[in-house]
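Hi everyone, thanks for making time. I'd like to walk you through one structure, so please have it open while I talk.

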Amino acid sequence: MTDSDNPPAQPVAVSAASVRHFRYYDLIMAAFVAILLLSNIIGASKPSYIPLPDGTQWAFGAGVLFFPISYIIGDVLTEVYGYARARRVIWTGFAALAFMAFMAWVVVALPPADGWPGQESYKFVFGNSWRIVIASMTAFCVGEFANSYVLARMKLWTGGRMLWARTIGSTVVGQGLDSLIFYPLAFYGLAGWPPEQLMQVVLSQWLIKTLWEAALTPFTYIVVGALKRREGVDVFDEGTDFTPFRAKV
């Protein structure tokens, strides 16, 4: 008997509350948290630029190249596993961000050993102010929950059709709120961040993240389709409590 004699089971539409165990959920959660932490550590506070034909520069935050992947994973989580389980992952990411901020504060505050020349550089890279930390965590929560909520609601409205519209539409809302909250809250009034550059970065973040989402839509379709087939479900959030602070799935 060959594999063609036993094709993979098609996903079955179910409500979010009726499914308890998944094969790949934990792995996707780990990927989400890893990308979230790395994008915040490495790229969040560095502005870069694209040279324009007229000789001017269009500024953008360097983290925009990788941070949108966390939103794509968030889309996959909500689409395959439902809002309630995406909510658990979002709070896990929030806890990881909080611990990262605490660890960075402790390590930077420790006195360096005699002769070690890297303290100032280390402080510059990892010694984010609590203003930046609060801005990052606030923007993350608002943006991720908005992204997940919009996608879950749109899935119900469309009956599970037009995945591309759901992923891009939720990104427009979620990433827009994330950028609009983080950069002004973190950098407004600081040296090196004039208001006009700040607004350029906000708009750039929003635009680039949305374009990233659109460009990676074929990949999102592949991942979502594969997970639905392997998990054997297609979760719809009928009757789901969309309160962000609800603990239970």
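**Rings, a cavity and a helix**

Let me start with W105, which counts as partly exposed because its relative accessibility is 48%. Bear in mind throughout that this is a predicted model.

W105 has a partner, F102, and F102 counts as partly exposed too, since its relative accessibility comes out at 44%. Both sit in helix α3, three residues apart, so about one helical turn separates them. In general, an α-helix has 3.6 residues a turn, so residues three or four places apart point the same way.

OK, on to the aromatics more broadly. How many aromatic pairs does the structure hold? The count is 11. Take Y25 and Y81: their ring centres are 5.4 Å apart and the planes meet at 70°, so we call this pair edge-to-face. Y25 belongs to helix α1, residues 25-42, and Y81 to helix α2, with the two positions 56 residues apart, so to speak a link between distant parts of the chain. Are those two tyrosines, Y25 and Y81, buried or exposed? Buried, both of them. Back to F102 and W105 for a second: they also form an aromatic pair, but a tilted one, with 6.1 Å from centre to centre and 40° between the planes.

There's a cluster as well: W91, F94, F145 and F245 are joined up by ring pairs. And if you like cation-type contacts, look at K155, whose charged end sits over the ring of F236 at 4.7 Å from the ring centre.

Now for the empty space. The model has two cavities of 30 Å³ or more. I'll show you the second largest, which holds about 40 Å³. Which elements give two or more residues to its lining? Those are α2 (68-81), α3 (83-109) and α5 (130-158). If you want to select the lining in your viewer, pick F32, G74, L77, T78, A86, V89, I90, E144, N147 and S148. Sorted by class, that lining has five nonpolar residues, four polar and one charged.

Last stop, helix α7, residues 195-215. Its 21 residues reach 30 Å from the first C-alpha to the last, close to the 30 Å expected at 1.5 Å a residue. The buried positions in α7 are L198, V201, V202, S204, Q205, I208, K209, T210 and E213. Notice that K209 and E213 are on that buried list, alongside L198 and I208.

That's my tour, thanks for listening.

Methods:
Residues numbered from 1 in each chain as written. Predicted model: local features only at pLDDT ≥ 70, side-chain atom pairs only at ≥ 80, totals over all residues. Heavy atoms only, no water. Helix = DSSP H or I, 4+ residues; strand = E, 2+ residues; numbered from the N terminus. Expected span 1.5 Å × (residues − 1). Buried < 20%, exposed > 50% of the residue type's maximum accessible area, 1.4 Å probe, protein only. 1 Å grid on protein atoms, 1.4 Å probe; cavity = no way out; pocket = protein on both sides within 12 Å on 5 of 7 lines; lining within 4 Å. Points joined across faces, edges and corners; volume = space filled by probe spheres on them. Nonpolar A, V, L, I, M, F, W, Y, C, P; charged D, E, K, R; others polar. Phe/Tyr/Trp six-rings, centres within 6.5 Å; stacked < 30°, edge-to-face > 60°. Lys NZ or Arg CZ within 6 Å of the ring centre and 35° of its normal.
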